[in-house]
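Hi,

Here is the structure I promised to pass on. Have a look at it first, and my notes on what turned up follow below.

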Amino acid sequence: MAKKQKQQAGGTPATVALTTTGTPYTVHAYDHDPSHPSYGEEAAEAMGVSPERVFKTLVADVDGALTVAVVPVAGSLDLKALAAAVGGKRATMADPALAERTTGYVRGGISPLGQRKKLPTVLDASAATHPTICVSAGRRGLEVELSPTDLAHLTAAVLAPIGRA
């Protein structure tokens with residue numbers, strides 16, 4: 001994995017955060033097709049990466065507090081497991097407009113890195129089975145590949161089984 005030495009023009013808050021901390025990562029860009037039914041599956045297909053290694057970033061409301069969930073695009077989020085992972089009772093998906101305002105990213109391009117407001121984050125435990133995973137770099141058609149350990153460290157994420165196949 002190549003380490004970015006210099007921030008390029010057009011960087012996102014996610015790539016700036018990675019560069020600033022000296023975290024090794026690789027950027028993968030692809031042409032986003034707005035008609036594709038799934039942002040995550042589109043990313044996996046475009047990059048030629050297994051959907052189990054490409055993770056989507058979802059924002060949920062756990063007992064009134066916004067919480068970030070990072071799960072494989074090949075599955076879905078288990079809201080009950082997410083609530084349990086952060087000591088909550090009930091979780092629902094957050095309003096998309098609120099998620100965009102809070103994170104500073106658009107839907108389909110929400111990154112767990114470089115968010116406008118730092119939110120509690122839970123990374124699906126399956127991430128630990130891969131040497132690297134891909135997450136949104138902060139815009140549709142742009143992904144970053146990094147170690148799940150680095151992602152968990154940078155986001156202060158809890159690792160828990162929150163994904164469903």
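Buried residues make up 45% of the 165 residues in the protein chain. Please keep in mind as you read that this is a predicted model. The surface that the chain exposes comes to about 8100 Å², and carbon and sulfur atoms supply 54% of that area. Along the principal axes, the C-alpha atoms fill a box of roughly 45 × 30 × 30 Å.

The secondary structure consists of five helices and ten strands. With a radius of gyration of 15 Å, close to the 15 Å that the globule rule gives for 165 residues, the chain is as compact as a globular protein of that length. As for how the chain comes together, take the contacts between residues at least 6 apart in sequence: 59% of them join residues at least 24 apart.

Let me start with the five-stranded sheet. The sheet is open, its strand order is β5-β2-β3-β6-β9, and the pairing is mixed. The edges are taken by β5 (91-93) and β9 (158-160); each has a single partner strand, so one side of each is left without a neighbour in the sheet. From one strand to the next, the twist averages 35°.

Within this sheet, β2 (residues 55-62) and β3 (residues 65-72) are antiparallel and share eight bridges. Two of the pairs are easy to look up: Ala60 is opposite Thr67 of β3, and Phe55 has Pro72 of β3 as its bridge partner. The two strands make a hairpin with two residues between them, and Asp63 in the turn has a positive phi of about 50°. On to the next pairing: β3 and β6 run parallel and are joined by three bridges, with Val68 partnered by Thr121 in β6. How enclosed is β3 by the rest of the structure? Seven of its eight residues are buried, so β3 is largely enclosed.

Helix α5 (residues 148-155) packs on this sheet, where it touches β3, β6 (121-124) and β9. The direction of α5 makes about 165° with that of β6. One residue of α5 worth clicking on is Thr155. Thr155 has a relative accessibility of 5%, so it counts as buried. Setting aside neighbours within four places in sequence, the contacts of Thr155 are Pro112, Leu113, Lys118 and Thr121. Thr121 is also the residue that bridges to Val68.

Now for the other sheet I wanted to show you. This one is open too, with three strands in the order β1-β8-β7 and antiparallel pairing. Its edge strands are β1 (26-29) and β7 (133-139), each with a single partner strand, so one side of each is left without a neighbour in the sheet. Here the twist averages 35° from one strand to the next. Between β7 and β8 (residues 142-146), which run antiparallel, there are five bridges; in one of the pairs, Ser136 is matched with Glu143 of β8.

Two helices meet the strands of this sheet. Helix α1 (residues 13-21) lies across β1, β7 and β8, and runs at about 25° to β8. The buried residues of α2 pack against β1, β7 and β8. Which residues of α2 are buried? They are Gly40, Glu42, Ala43, Ala44 and Met47. After α2 comes Gly48, which has a positive phi, near 70°.

Finally, the charged pairs. Side chains of opposite charge can pair when their charged atoms come close. How many salt bridges does a search of the whole structure find? The search finds one. It is formed by the side chains of Arg53 and Glu145, at 2.9 Å from N to O. The pair links distant parts of the chain, since Arg53 sits in the loop between α2 (39-47) and β2, Glu145 sits in strand β8, and the two are 92 residues apart. Is Glu145 buried or exposed? Its relative accessibility is 15%, and the cut-off for buried is under 20%, so Glu145 counts as buried.

Happy to go through any of this with you at the screen.

Best wishes

Conventions: Residues are numbered from 1 along each chain as its sequence is written. This is a predicted model: local features need pLDDT of at least 70, side-chain atom pairs count only at pLDDT 80 or more; totals for chains, interfaces and linings use all residues. Side-chain values use heavy atoms; hydrogens and water are left out. Two strands pair if DSSP finds at least two bridges between them. Helices (H or I, at least four residues) and strands (E, at least two) are DSSP runs, numbered from the N terminus. Axes are lines fitted to C-alpha atoms, for helices over the stretch in contact, and angles run from 0 to 180 degrees between N-to-C directions. Contact means heavy atoms within 4.5 Å. Buried means under 20% relative accessible area, exposed over 50%, partly exposed in between (1.4 Å probe, protein chains only). A salt bridge is a side-chain nitrogen of Lys or Arg within 4 Å of a carboxyl oxygen of Asp or Glu. The radius of gyration is taken over C-alpha atoms; the globule rule is 2.2 Å times the number of residues to the power 0.38. Accessible areas come from the Shrake-Rupley method with a 1.4 Å probe; for residues, only the protein chains shown count as cover.
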